[in-house]
Amino acid sequence: MNYPYSVIRSNRRTTTLQINRDMQIIVRTSYYSSDSEIRQYVQASSDWIDKTLKKMRLEKTETAYDCKEPLTDADIERLAKEAKSIFPKRVAYYAKIIGVSYGKITIRCQKTRWGSCSRAGNLNFNCLLMLAPQKVIDYIVVHELCHRKEMNHSKRFWMEVAAVMPDYKEQEEWLRIHGDVLHKRAFG
């Protein structure tokens, strides 16, 4: 992958990479390193760059969603109202992509589930998801709609999810890290 980077040259003997807080890549190298050597060094370091940038993005979202202030009944009502306008649109959008039908959509504030799908195709979503990033909301929608094809968590089910959302594991990871905080805000 080609990454934009800036170069700082000095009297040093080695070449190193640094990623600053603004997620800018900085190459520190000697005055004698050629541009092609620097480009090759950055390309050879692409796995490390990917991993570091991903970690930094995750840490940024963690600080944005780590608010521990309890939700009031009015907050939960507002979230439920917002969810009632968001989920039907996202469900309709992804149902077309997945090629499935669905029944009634219900919004609740639940302690343990983010969503569910009944055998009749009725979908249930947790209003606390309104506190999560859009990609996480979309993941839950895709997850539940894929149950319209596979009412289990078999390998075939996960293949259906991955076909629509190849990065679904990142959304699961977000829920694993932040889900408890969201539940505690609502239920103490």
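Biologist: Which residues of α3 meet α4 in this predicted model, and what makes that a contact?

Modeller: In α3, Phe 87, Arg 90, Val 91, Tyr 94, Ala 95 and Ile 98 meet Gln 134, Ile 137, Asp 138, Val 141, Val 142, Leu 145 and Cys 146 of α4, where contact means heavy atoms within 4.5 Å. By class, the contact of α3 with α4 comprises 10 nonpolar, one polar and two charged residues.

Biologist: Why is α3 called oblique to α4?

Modeller: Helix α3 (residues 73–98) and helix α4 (residues 134–146) pack at an angle of about 55 degrees, with their axes 9 Å apart. Angles under 35 degrees count as roughly parallel and those from 65 to 115 as roughly perpendicular, while an angle outside the named ranges is oblique, and therefore α3 is oblique to α4. The crossing in which α3 passes α4 is right-handed.

Biologist: What makes β4 and β5 the edges of the sheet?

Modeller: The open sheet is formed by three strands in the order β4-β6-β5, with mixed pairing. β4 (105–108) and β5 (115–117) each have a single partner strand, so one side of each is left without a neighbour in the sheet.

Biologist: How do you know that β4 and β6 pair?

Modeller: Pairing requires at least two bridges between two strands, and β4 and strand β6 (residues 123–126) have four bridges, in the parallel sense; therefore they count as paired. Ile 105 stands opposite Leu 123 in β6.

Biologist: Which strands does α3 touch where it packs on the sheet?

Modeller: α3 touches β4 and β6, and its direction makes about 145 degrees with that of β4. α4 also packs on the sheet, touching β5 and β6.

Technical notes. Residues numbered from 1 in each chain as written. Predicted model: local features only at pLDDT ≥ 70, side-chain atom pairs only at ≥ 80, totals over all residues. Heavy atoms only, no water. Axes fitted to C-alpha atoms, helices over the stretch in contact; angles between N-to-C directions. Helix = DSSP H or I, 4+ residues; strand = E, 2+ residues; numbered from the N terminus. Parallel < 35°, antiparallel > 145°, perpendicular 65-115°, else oblique. Left-handed = near helix turned anticlockwise from the far one by under 90°. Nonpolar A, V, L, I, M, F, W, Y, C, P; charged D, E, K, R; others polar.
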